[in-house]
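Please open the structure in a viewer and keep the sequence at hand. The tour below proposes a series of selections and describes what each of them shows.

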Amino acid sequence: MNKENKFICAIATAGIFFALFFSVGAGAEKAKEKAVKGEQGEQGDRPRFLVSSPPLPESLPCSKCHNYRYTDKKKRKLELAHTNIVLKHAEEQRWCYDCHDGDKLRLASGELIGYDKSYNLCRQCHGTIFRDWKTGIHGKMTGKWNGEKLQRACITCHDPHQPRFKQLEPEKQPMKPAEIKIN
Amino acid sequence: MNVFLSAIQSVFKGSARYYAWVGFLAVLIVLGLSAYFQQLEKGLITTAMRDQVSWGFYIANFTFLVGVAAAAVLLVVPAYLYNFKPIKEIVLFGEMVAISAVTMCILFIMVDLGQPIRVWHTLPLIGKMNFPASVMAWDVIVLSGYLLINVLLVIYALYRLAVGKEYNLALILPLILLSIPWAISIHTVTAFLYNGLSSRPFWNASILAPRFLASAFCSGPAIMLIILQLIRKFSRIEMDQKAISKIAELIAYTMGINLFLLGAEIFKEFYSGSLHKAPLEYLYFGLHGNKQLVPWIWTSLALNITAFVIFLIPKTRENFLTLNIGALLIIAGVYIEKGLGLIVPGFVPDTLGEIYEYWPTRSEAVITLGIWATGALIYTLMVKFALPIYKGQAAEGNK
Amino acid sequence: MSKKVRSNPLGIRLDRRMFLKSAAAGVAASALPISPAEAFNWKAFLQKHFREMSDEEIKKVIDRLEKEASLEWKKDVHISSAKAMPNVKFGYGLDLSRCIGCRRCVYACVKENNQSRTPQVHWISVLRFKKGEKWIDLENSEKYYNPKQVPEKDFFYMPVQCQQCENPPCVKVCPTQATWKEPDGIVVVDYNWCIGCRYCMAACPYGARRFNWAKPKIPSTELNPDTHYLGNRPRYKGVVEKCTFCIQRTRAGKYPACVEACPVGARKFGNLLDPDSEIRQLIENKRVFRLKEDLNTEPKFYYFFTGWQVQ
């Protein structure tokens with residue numbers, strides 16, 4: 001490989017590592033997201049810049065299956081479908097039908113909202129966190145601090161059925177001063 | 001002119017003992033230089049200093065020597081003013097100690113710098129000296145000034161001696177008068193260098209500057225005692241025993257003050273019992289199992305107290321053997337106390353509570369020895385140069 | 001003893017013994033391991049202080065430094081000299097109820113800011129404290145925790161980096177003014193002016209500064225070539241460095257690398273002078289504190305809490 005190619009290769013490698021690092025640092029972000037400017041109205045309850053929600057599961061729309069004449073709304077352990085979802089989120093007080101209603105989510109008032117506004121459901125119970133999130137204090141912030149900020153919807157980081165973060169493996173501890181020697 | 005030339009000649013001629021001494025120092029210097037070039041090449045990683053303890057043996061020696069430099073002059077120069085004849089005659093040798101000590105101080109700073117060739121950045125006008133905010137800038141000024149004052153005084157004194165004239169007091173009195181507060185200032189400024197750091201509670205105590213001065217007045221005179229006796233022995237210069245006694249008496253008082261100030265510090269820290277007692281606890285008792293300096297500081301305390309008693313009691317003060325033992329004990333005691341015993345606890349525990357036990361590497365020790373040898377060599381050569389001039393004058397005076 | 005005496009005007013006698021001794025000394029000295037002298041870089045030696053240089057002089061210096069760095073790292077290194085934006089004062093917020101001690105910020109910083117891998121340099125230190133005991137008990141904190149998973153039960157974590165003080169003690173003590181506070185509040189170091197005396201390291205109450213005890217070593221492939229003169233450009237042995245709020249990113253409008261790396265959103269950053277910024281919001285509405293407030297250093301790094309302590 002001649003000098004020029006080596007050079008291009010080095011730049012490419014660096015560029016790949018650079019991009020990799022950035023996407024790793026982004027953490028829970030799943031796809032390339034674009035900021036959606038906040039709307040006024042809706043009681044001004046969206047942060048200024050919101051990253052659109054990640055792609056929804058393939059089993060949507062719910063009405064594909066949930067179109068029965070009779071629905072058993074008694075709280076029970078599911079055996080036929082959605083067995084991969086284990087609810088660990090106020091699971092004593094409620095279950096699927098307390099939040100889900102067909103292709104929509106249902107608020108306490110009975111109002112139905114789309115999945116794109118799922119944060120309104122979370123805010124019902126997590127009002128203080130919602131207030132922090134709206135101001136940019138809660139949740140990861142990327143983008144430009146003096147321009148287009150990028151925030152995420154709740155469900156981008158928190159699995160709505162098991163919202164508590166799992167533990168992580170920490171990165172390596174620093175070297176002690178006595179371990180730093182002449183190489 | 002002839003006197004000057006013969007004095008220069010005498011630097012190169014001497015007894016076998018002289019050559020052996022100079023040769024020994026030269027070997028140490030060459031070894032030190034070799035180790036220093038290694039350090040320049042690899043970086044300060046050859047030392048045991050790390051981010052947690054970022055100053056170590058070099059700065060410890062620097063601090064000790066600033067005290068010696070200050071005391072060497074403060075001890076002798078006032079003799080001019082009080083016309084205390086026994087000491088007045090040996091002022092020259094005191095000033096030469098100051099010159100050697102300050103030179104060593106400067107060398108210790110140079111070897112401690114990460115980028116020594118950039119040292120010109122500290123100068124005003126051509127550099128960007130941070131005066132008056134940085135106490136280190138003050139230290140650069142006072143130390144250079146002190147070196148200049150003493151060099152001028154020594155050159156003048158030797159010149160006048162060589163041509164057989166008395167000193168023109170009108171000419172040098174201003175310099176002599178200046179040298180007294182200037183000597184105090186070099187040690188005070190160095191103390192303030194540590195004192196002004198709110199990040200290091202061990203140093204951030206008002207008592208630090210007085211403690212510096214008190215211990216300098218112990219170690220400086222003790223070194224002078226030894227050096228003067230050596231000069232008297234090897235050159236057969238007349239030196240009034242009264243001068244030696246007076247210096248010894250002085251040491252008794254200053255060591256008393258030194259011990260009292262230490263006691264005051266220990267009371268404050270341990271009685272108040274705040275978290276700031278940690279460095280002192282580390283030093284005297286160990287902290288969380290880290291006890292490296294504990295035997296050293298207790299030894300230092302024992303040496304200081306013993307020396308204090310020796311110098312306090314007139315009998316032991318007058319006795320040649322106990323006098324010199326006392327002097328050596330003090331030098332060792334203060335070297336530990338104002339050397340590593342001052343620097344390391346400033347960094348232990350560090351600002352985030354971590355403990356790193358620093359102990360100098362062989363490279364640091366070799367370079368340090370090399371610098372001490374340089375100072376000793378400078379002093380030896382100066383004395384060898386001055387002696388014939390001094391003796392000539394003394395011979396004249398006796399006629 | 002016979003002596004060869006050369007007569008000369010000064011009448012100095014130079015005997016053979018003397019001559020042989022001096023010659024021997026000279027030969028011995030030449031055996032000293034002095035490293036082979038490279039052509040001495042006069043331009044580097046005489047380089048002026050960054051703040052004394054005009055824009056043209058800075059450009060020339062940067063051209064030279066870019067060439068040197070590109071040659072050494074075999075990469076196209078770009079060094080910016082972007083000035084502070086007007087009406088900006090950077091502030092930082094750290095949510096202590098969220099930090100899980102995963103150290104992703106530490107290593108994101110290392111990569112972004114070209115910190116030496118050997119010897120290891122980390123600008124960010126994460127301290128671990130026991131819950132329910134002394135508040136910020138530094139003496140009993142642990143920097144070297146190494147569990148399999150974090151966060152650990154009964155512990156909380158607090159990262160510490162340069163606090164970018166408004167009243168910085170490090171700036172006060174530097175004998176050469178090699179470190180100063182920029183108009184946007186970032187405390188910076190001119191790596192070509194620093195003499196490596198480490199007085200600033202003694203003065204810093206937060207242990208934020210690092211020294212290059214040896215020549216910094218970074219794998220060439222991991223070098224970040226987008227650098228700033230006062231920030232993450234490759235440094236030299238014998239100079240001091242520290243967190244600069246990612247000056248190369250923040251002066252271009254981006255968030256620091258640590259803010260973006262944090263997986264739990266514990267880090268907040270912004271312009272303290274912008275009332276709509278999240279940093280202003282949190283300072284005004286959350287219970288914030290700063291480390292060692294009694295020292296009056298006025299850090300711009302605020303710690304706060306939003307919620308239930310993370311388990």
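Where in helix 7 of chain B does a kink lie? The model on display is a predicted one. Select residues 169-195 of chain B, which form helix 7. The kink, of about 25°, is found at B:Ile180, shortly before the proline B:Pro181. Helix 7 of chain B has 27 residues, and the span from its first C-alpha to its last is 38 Å, close to the 39 Å expected at 1.5 Å a residue.

**A pair of helices in chain B**

Two packed helices are described by the angle between their axes and the distance between the axes. Select helix 5 (residues 91-112) and helix 6 (residues 135-162) of chain B; their axes come within 9 Å and cross at roughly 145°. The crossing of helix 5 and helix 6 of chain B is left-handed. To see the contact, display the side chains of helix 5 of chain B, including B:Leu92, B:Ile99 and B:Ile106. Then add residues from helix 6 of chain B, among them B:Leu147, B:Val154 and B:Leu161. The residues of this contact divide into 15 nonpolar, two polar and one charged. An α-helix has 3.6 residues a turn, so residues three or four places apart point the same way.

**The three-stranded sheet of chain C**

Move next to chain C and select strands 10, 2 and 11, which form an open sheet in that order with mixed pairing. At the edges are strand 10 (267-271) and strand 11 (301-304) of chain C, each of which pairs on one side only. From one strand to the next, the twist averages 20°. Now look at strand 2 (residues 90-95) of chain C, which pairs with strand 11 of chain C in the parallel sense over four bridges. For one residue pair, select C:Tyr92, whose bridge partner in strand 11 of chain C is C:Phe301. With the sheet still selected, add helix 9 (residues 278-285) of chain C. Helix 9 of chain C lies across strands 2, 10 and 11 of chain C and runs at about 110° to strand 10 of chain C.

**Backbone details in the loops of chain C**

Most residues other than glycine have a negative phi, and most peptide bonds are trans. The following stops depart from that pattern.

- Select C:Thr118 and C:Pro119: the peptide bond between them is cis, with omega near -10°. C:Pro119 is in the loop between helix 4 (104-112) and strand 3 (125-130) of chain C.
- Select C:Val150 and C:Pro151: the peptide bond joining them is cis, with omega near 0°. C:Pro151 belongs to the loop between strand 3 and strand 4 (155-160) of chain C.
- Select C:Gln177, which is not a glycine but has a positive phi of about 55°. C:Gln177 is in the loop between helix 5 (169-173) and strand 5 (179-181) of chain C.
- Select C:Lys292, not a glycine, with a positive phi of about 50°. C:Lys292 is in the loop between helix 9 and strand 11 of chain C.

**The sheet of chain A**

Finish in chain A, where three strands make an open sheet in the order 3-4-5 with antiparallel pairing. Why is one side of strand 3 (100-101) and of strand 5 (112-113) of chain A left without a neighbour in the sheet? Both strands stand at the edges with a single partner strand each, so one side of each has no neighbour there. Strand 4 (residues 104-106) of chain A pairs with strand 5 of chain A in the antiparallel sense over two bridges. As a last selection, choose A:Leu105 and its bridge partner in strand 5 of chain A, A:Ile113.

Technical notes
Residues numbered from 1 in each chain as written. Chains lettered and ligands numbered in written order. Predicted model: local features only at pLDDT ≥ 70, side-chain atom pairs only at ≥ 80, totals over all residues. Heavy atoms only, no water. Axes fitted to C-alpha atoms, helices over the stretch in contact; angles between N-to-C directions. Left-handed = near helix turned anticlockwise from the far one by under 90°. Contact = heavy atoms within 4.5 Å. Nonpolar A, V, L, I, M, F, W, Y, C, P; charged D, E, K, R; others polar. Expected span 1.5 Å × (residues − 1). Bend = angle between axes of the 7 residues up to and from the residue. Pairing = 2+ DSSP bridges.
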